[in-house]
Amino acid sequence: PICGMALEPMGIPPADAGPNPELVDFTRRLWIGAPLAGLVFLLEMGAHLGVPVANWFGPRGAIFVQLVLATPVVLWVGAPFFKRGRASLVNRSPNMWTLIALGTGVAWIYSMVAALAPGMFPEAFRTAQGIVPVYFEAAAVIIILVLVGQVMELRARERTGDAMRALLDLAPKTARRIGPDGAEADIPLADVQPGDRLRVRPGEAVPVDGIVTDGHSSVDESLITGEPLPVEKANGDLVTGGTLNAGGSFIMRAERVGADTMLARIVELVATAQRSRAPIQALADQVAGYFVPAVVGVAIAAFIIWSLVGPEPAMVYGLVAAVSVLIIACPCALGLATPMSIMVATGRGATAGILMRDAEALERFAKVDTLIIDKTGTLTEGKPVLTDVIALGGQGSNELVAIAAGLERGSEHPLAEAILADAADRGVEPLAVEDFKAVTGKGITGQIAGIGAAAFGNAALMLDLGIDMAGADAEARADELRGEGKTAMFLAVDNALAGVIAVADPIKQTTSAAIRALHAAGMRIVMATGDTERTARAVAGQLGIDAIEANILPEQKAALVESLRAQGARVAMAGDGVNDAPA
């Protein structure tokens with residue numbers, strides 16, 4: 001590259017890539033150079049800090065100690081920066097590295113001459129002890145400050161690479177392929193081809209994107225949609241690589257593999273965003289293109305003017321003036337401030353659960369007027385809980401929970417955890433169930449001693465069992481609960497409808513106050529969720545959210561951001577999951 005810096009690989013870092021070699025090299029240089037630069041600084045500035053270390057060596061001795069300590073810092077620790085500075089000059093692309101190389105290099109050369117041949121300088125340059133002041137401390141400290149900034153930036157990128165590799169690790173390393181003869185064998189994920197028939201067993205992650213061709217199950221798609229409830233999958237349904245098969249076994253046909261899977265595309269979107277640069281950085285590069293020649297021109301002008309009209313020896317005075325200009329113009333603050341500000345902002349944002357789409361968002365965040373918020377885990381708790389128990393027969397609510405918990409104890413459905421947790425909170429013991437049967441996509445049935453047949457599930461299960469749902473107005477009650485964003489299920493006991501039980505992902509206690517504060521700050525709030533529109537409207541109605549976008553996938557969230565920006569909005573995105581990262 002014309003700037004002389006190391007190239008960053010495009011795409012997703014491979015799992016076996018190991019640590020960034022540039023980060024390893026710079027870290028080693030920092031560990032060695034920082035103590036040396038610290039000692040040089042203490043020798044030069046110790047008297048101002050009340051620690052006159054230089055007095056231990058005498059005036060000339062202190063200068064030679066600085067020379068010994070600073071030389072490896074400048075020549076070895078700072079070698080990559082001089083290489084970048086040289087590349088920028090060779091390619092006629094002056095930038096920050098040009099000034100750093102010129103400033104520190106000239107400071108070190110001047111100091112070497114002053115230390116080894118002080119007689120070359122006029123008497124006016126010498127102190128009372130007969131020595132010429134040196135700039136070893138400035139050169140060494142500038143090198144270390146810039147190196148600290150580079151290490152911080154490289155570490156931030158390394159953590160991003162680790163995060164992306166962790167996302168890809170959600171997909172299994174192998175897939176179970178079914179051959180033309182029906183034989184099954186585990187093969188590496190990289191060997192899966194479109195059209196292959198794959199078996200996905202209970203508890204396994206779906207290997208690639210594809211279509212279910214045989215069997216049925218419930219799949220946890222929270223990786224993609226952010227929603228905590230699993231989705232029932234049957235013949236003809238799409239499944240996504242990296243999602244978790246929570247129930248039965250099924251056979252799928254691979255459609256998109258490798259870099260074409262949705263998980264790989266999500267990671268690629270995040271990687272692209274991380275490589276983006278804020279407009280202020282581009283402006284800084286543009287300004288540097290003019291600033292560097294201007295600084296060099298001023299240094300040359302200072303040398304010429306002092307040489308022509310300065311006191312004798314005029315050329316020495318001119319040289320010192322030129323050196324002073326180059327040292328003062330060295331942009332050490334720029335090399336540290338940019339990565340420092342980005343790291344602090346992204347770190348604080350991550351702590352608060354905020355994902356920045358790219359570096360530009362950091363610069364423009366103060367002007368944001370529209371905030372897109374994910375629902376599950378951001379506005380809500382992200383974990384289903386039992387919210388309502390409506391008795392329609394002769395049983396009380398605790399008895400209904402005991403029956404439902406007994407049925408759910410043998411289920412792998414995530415809603416079972418909410419019902420069992422509520423039973424534990426009530427101090428209710430789940431009833432023993434025999435002849436347990438799970439009806440995929442509908443619910444569960446079983447026999448309970450002393451009670452008889454029991455069933456717990458959706459309206460389709462009740463209809464299949466011939467349960468009368470008209471008399472108790474159960475559907476109307478269930479619709480009312482669904483209108484509040486809850487999942488309603490029916491409980492039948494001894495062939496009669498006994499109650500309606502609702503489970504929901506509750507809104508966080510702090511959410512309402514946060515939304516009010518954002519509105520008070522002039523923000524327009526848009527909720528983007530993979531959940532159904534009915535549930536989204538229920539949550540939005542409770543919180544006073546301005547607009548909703550329901551049933552959308554991760555890539556559609558990113559498209560929503562771009563759409564709002566095209567309308568002139570200044571957009572920020574708040575989310576808590578992988579599905580929010582592209583936006």
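**Exercise 1.** How are helix 2 and helix 3 oriented to each other?

*Solution.* The model is predicted, so local features need pLDDT of at least 70 and side-chain atom pairs pLDDT 80 or more, while totals for chains, interfaces and linings use all residues. Residues are numbered from 1 along each chain as its sequence is written, and side-chain values use heavy atoms, without hydrogens and water.

Step 1. Locate the elements: helices (H or I, at least four residues) and strands (E, at least two) are DSSP runs numbered from the N terminus. Helix 2 covers residues 59-77 and helix 3 residues 79-90.

Step 2. Take the angle. The two axes come within 5 Å and cross at roughly 45°; axes are lines fitted to C-alpha atoms, for helices over the stretch in contact, and angles run from 0 to 180 degrees between N-to-C directions.

Step 3. Classify. Angles under 35 degrees count as roughly parallel, over 145 as roughly antiparallel, 65 to 115 as roughly perpendicular and the rest as oblique. Helix 2 and helix 3 are therefore oblique to each other.

**Exercise 2.** Describe the sheet that contains strand 14 and strand 15, and the helix packed on it.

*Solution.* Step 1. Six strands form an open sheet in the order 11-16-15-14-13-12, with antiparallel pairing; two strands pair if DSSP finds at least two bridges between them.

Step 2. Strand 11 (385-391) and strand 12 (433-439) are at the edges with a single partner strand each, so one side of each has no neighbour in the sheet.

Step 3. Strand 14 (residues 452-457) pairs with strand 15 (residues 487-493) over four bridges. The bridge partner of Phe456 is Leu491 in strand 15.

Step 4. Helix 12 (residues 397-408) packs on the sheet, and its direction makes about 80° with that of strand 14. Among the strands that helix 12 touches are strand 13 (443-448) and strand 16 (496-504); contact means heavy atoms within 4.5 Å.

**Exercise 3.** Which residue forms a salt bridge with Lys557, and where do the two lie?

*Solution.* Step 1. A salt bridge is a side-chain nitrogen of Lys or Arg within 4 Å of a carboxyl oxygen of Asp or Glu. The structure holds 20 salt bridges.

Step 2. The partner of Lys557 is Asp374, at 3.2 Å from N to O.

Step 3. Lys557 is in helix 18 (residues 554-566) and Asp374 in strand 10 (residues 370-374), 183 residues apart.

Step 4. Both Lys557 and Asp374 are buried, where buried means under 20% relative accessible area, exposed over 50% and partly exposed in between (1.4 Å probe, protein chains only).
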